[in-house]
Amino acid sequence: MTSVRPTSVGLPSLAQLRALLAVADAGGFSEAAAELGVSQSTLSEAISKLEALAGRPLLRRGRTGTVPTPAGERMLTHARTAVQAAGDALLAAQEDTQLRGVLRVASFRSTATHLLPPALAAFRAQHPGVTVRLMDGETEGGGQELVRRGQADAAIVIEENWTDLRLTPLVMDEYLFVAPARRGSHPVTPEDLQGPLLLAPGPNSCNLRVMGYLRRCGVQPGRVTEIGEDSVILGMVAHGLGVSVMPRLALEPLPEGLVALPLPERLMRPLALATLPHRANLPVIRAFTDALLAALHRPHVPAPEPAAALPGGASLLH
């Protein structure tokens, strides 16, 4: 796009800001138009008017898609805040017993499989007017980044010392050593962790946590193979192609041919629900948080240990 001459002083509309966010997130006008349910011409007109107000191009078309210009990048953060604030104004006015709208929740695969279903079932029964959209909590910096950018309303994360997020402790999930069943159940030693080791990919939060644990234990694996799918890792371990270290929830139910044992020194994954502090008390987010906490205290949920039940729990949050 070429230079744009600014129009008379004015403020952008929410529709224009939504258009910018949609194109930036989707990486193209056609994808964004489909997401918003509008025509490409309508979307292009909204972007053109926004660029006229800004006095400069905000998007750039390239061979790999449409990306924000430097000015567009600077506008995106404020656009997300403005669009989110407008929506939150309506959410805040809702009655707890008549909730409506869309709730976006980011989660790990293992927590989406074992922790969320009971909570989602209870939440839907209580609030049928709310649609819950699940998002991949391991992409683009993790669920915490999706919450910070306003792309997710809440996310199940591995708790860290983030001062900009409201963190509600959920459960402590223990990492276990996974090996072929023929190894037997005798205690795991540091030598068992020498490898070959099969782990989730490097940017994955579990990989980072396990590799940090190995360094603290003075273990240097001879060979590490990174694999994106838990089921593939478990299949390879069962066939003697290596060993692994995985969270307990990711191992439920443990496939035949495998054994899962405690590590030489305990390693925990403290799971928490992350929200923006100023949004945590919106009725729909508060209701979901309550439903999730209530579901975790029911006996059929395979959560290893409630967060508050571990002795010295704060010392494990590293």
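Which residues is Val147 in contact with, leaving aside its neighbours within four places in sequence? Hold that thought. I'll come back to Val147 at the end.

First, the overall picture. This is a predicted model. The protein chain has 318 residues, and buried residues make up 46% of them. There are 10 helices and 12 strands. Along its principal axes, the C-alpha trace spans about 75 × 50 × 30 Å. Now the contacts. Take those with a separation of 6 or more: residues 24 or more positions apart account for 76% of them.

Next, the annotated part. An unreviewed UniProt entry carries the annotation "domain: HTH lysR-type" for residues 12-69. In the model, that span is 62% helix and 14% strand. Its end C-alpha atoms lie 18 Å apart.

Let's go to helix 3, residues 40-54. Helix 3 has 15 residues. From first C-alpha to last, helix 3 reaches 21 Å, close to the 21 Å expected at 1.5 Å a residue. Its buried residues are Leu43, Ala46, Ile47, Leu50, Glu51 and Ala52. Note that Glu51 is on that list of buried residues. What covers them? The cover includes helix 1, helix 2, strand 1 and helix 4. Just after helix 3 comes Gly55, with a positive phi of about 80°.

Now one residue from helix 1: Val23. Buried or exposed? Val23 counts as buried, because its relative accessibility is 0% and the cut-off for buried is under 20%. Beyond four places in sequence, Val23 touches Gly28, Phe29, Ala32, Leu43, Leu59 and Thr66. Leu43 is also one of the buried residues of helix 3. Another pair to look at is Val23 and Ser44. They are 21 residues apart in sequence, and their C-alpha atoms are 9.7 Å apart in space.

Compare Gly62, in strand 1. Gly62 has a relative accessible area of 45%, so it is partly exposed, the class between 20% and 50%. Gly62 and Gly28 are 34 residues apart in sequence and 9.7 Å apart in space, C-alpha to C-alpha.

On to the pockets. The largest pocket holds about 1,100 Å³ of space. It is lined by 28 residues, and the closest to its centre are Glu35, Arg104, Arg133, Gly150 and Gln151. Which elements give two or more residues to that lining? They are helix 1, helix 2, helix 4, strand 3 and strand 4. Helix 4, residues 70-92, gives the largest share, 6 residues. By class, the lining has 10 nonpolar, 6 polar and 12 charged residues.

The second largest pocket has a volume of about 450 Å³. Its lining has 27 residues, with Arg109, Glu138, Asn204, Gly228 and Asp230 the closest to its centre. Helix 5, strand 4, helix 8, helix 9 and strand 9 each supply at least two lining residues. Strand 4 thus appears for this pocket and for the largest one. The largest share here is 4 residues, from strand 9. The class counts are 16 nonpolar, 6 polar and 5 charged. Set that beside the 10 nonpolar and 12 charged residues lining the largest pocket.

One piece of backbone geometry. A cis peptide bond joins Glu252 and Pro253, with omega at about -15°. Pro253 sits in the loop between strand 9 and strand 10. Strand 9, residues 244-247, is the element with the largest share of the second pocket's lining.

Back to the opening question. Val147 is found in helix 7, residues 143-148. Val147 is buried, because its relative accessible area is 1%, and buried means under 20%. Leaving aside neighbours within four places, its contacts are Ala152, Asp153, Ala154, Ala155, Leu165, Ala274, Thr275 and Leu276. Look at where those numbers fall along the chain. Ala152 to Ala155 are in the list, and so are Ala274, Thr275 and Leu276. For a wider distance check, take Met75. Val147 and Met75 are 72 residues apart along the chain, and their C-alpha atoms are separated by 18 Å.

That's the tour. Happy to take questions.

Note on methods. Residues numbered from 1 in each chain as written. Predicted model: local features only at pLDDT ≥ 70, side-chain atom pairs only at ≥ 80, totals over all residues. Heavy atoms only, no water. UniProt positions renumbered as here; feature names shortened; annotations may be inferred. 1 Å grid on protein atoms, 1.4 Å probe; cavity = no way out; pocket = protein on both sides within 12 Å on 5 of 7 lines; lining within 4 Å. Points joined across faces, edges and corners; volume = space filled by probe spheres on them. Nonpolar A, V, L, I, M, F, W, Y, C, P; charged D, E, K, R; others polar. Expected span 1.5 Å × (residues − 1). Buried < 20%, exposed > 50% of the residue type's maximum accessible area, 1.4 Å probe, protein only. Contact = heavy atoms within 4.5 Å.
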